[in-house]
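This report introduces a protein structure to a reader who has not met it before. It moves from the whole chain to a few individual residues.

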Amino acid sequence: MLFVRGTAQVDVFDEMVPEYAAAATRYLGPDAAAAWLEPLRSQPMARIRVTPTAARILDLETRFPSAMSA
């Protein structure tokens with residue numbers, strides 16, 4: 001688990017941000033992404049940016065081995 005502490009900033013846009021479309025295309029493929037993105041194109045969207053002041057990795061497998069094996 002990644003734990004990040006810092007300052008968050010929310011930017012609101014009138015339409016889809018380019019990185020959302022790029023991520024959808026990467027994970028869904030071009031055809032499925034086009035179908036997924038079409039109804040979202042004219043919808044407002046927000047981008048949350050975090051400027052980290054601290055970051056930690058919590059290894060749950062080491063900390064709670066019995067919970068992870070269940």
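## Elements along the chain

Helices and strands are here DSSP runs, numbered from the N terminus, with at least four residues for a helix (H or I) and at least two for a strand (E). The model is a predicted one. On this basis the protein contains four helices and two strands. Read from the N terminus, the order of its elements is β-α-α-β-α-α.

Strand 1 covers residues 2-13, and strand 2 covers residues 45-57. Asp11 belongs to strand 1, while Val50, Thr51 and Arg56 belong to strand 2.

## Overall dimensions and surface

The radius of gyration of the protein is 18 Å, whereas a compact globule of 70 residues would have one near 11 Å. Along the principal axes, the C-alpha atoms occupy a box of roughly 45 × 30 × 15 Å.

Of the 70 residues in the protein, 14% are buried. The accessible surface amounts to about 5,900 Å², and carbon and sulfur atoms contribute 59% of that area. The protein carries 7 positive and 8 negative charges, and the mean positions of these two sets lie 11 Å apart.

## Contacts across the sequence

Among contacts in the protein with a separation of 6 or more, 82% are between residues 24 or more positions apart. The residues described below give examples of contacts between distant parts of the sequence, with neighbours up to four places away left out in each case.

## Asp11 in strand 1

Is Asp11, a residue of strand 1, buried or exposed? Asp11 counts as buried because its relative accessibility is 16%, and the cut-off for a buried residue is under 20%.

The side chain of Asp11 forms a polar contact of 2.9 Å with the side chain of Arg49. Beyond its sequence neighbours up to four places away, Asp11 touches Met45, Ala46, Arg47 and Arg49. Met45, Ala46, Arg47 and Arg49 fall within the range of strand 2, residues 45-57.

## Val50 and Thr51 in strand 2

Val50 is a residue of strand 2. With a relative accessible area of 46%, Val50 is partly exposed, so its value lies between the limits of 20% and 50%. Apart from residues up to four places away in sequence, Val50 touches Val4, Thr7 and Ala8. Val50 and Asp11 stand 39 residues apart in sequence, and their C-alpha atoms are 11 Å apart.

Thr51 also lies in strand 2. The relative accessible area of Thr51 is 54%, and therefore this residue is exposed, the cut-off being over 50%. Outside its neighbours within four places in sequence, Thr51 is in contact with Arg5, Gly6 and Thr7. A distance of 14 Å separates the C-alpha atoms of Thr51 and Asp11, which are 40 residues apart along the chain.

## Arg56 in strand 2

Which residues does Arg56 contact, leaving aside its neighbours within four places in sequence? They are Met1, Leu2 and Phe3. Arg56 itself lies in strand 2, and it counts as partly exposed because its relative accessibility is 48%.

Arg56 can also be placed relative to Thr25. These residues are 31 positions apart along the chain, and 30 Å separates their C-alpha atoms.

Definitions and conventions:
Residues numbered from 1 in each chain as written. Predicted model: local features only at pLDDT ≥ 70, side-chain atom pairs only at ≥ 80, totals over all residues. Heavy atoms only, no water. Rg over C-alpha atoms; globule rule 2.2 N^0.38 Å. Buried < 20%, exposed > 50% of the residue type's maximum accessible area, 1.4 Å probe, protein only. Contact = heavy atoms within 4.5 Å. Areas by Shrake-Rupley, 256 points an atom, 1.4 Å probe, with all protein chains shown as cover. Lys, Arg positive; Asp, Glu negative; His and termini not counted. Charge placed at Lys NZ, Arg CZ, Asp CG, Glu CD. Polar contact = N/O pair within 3.5 Å; in protein donor to acceptor, adjacent residues only side chain to side chain.
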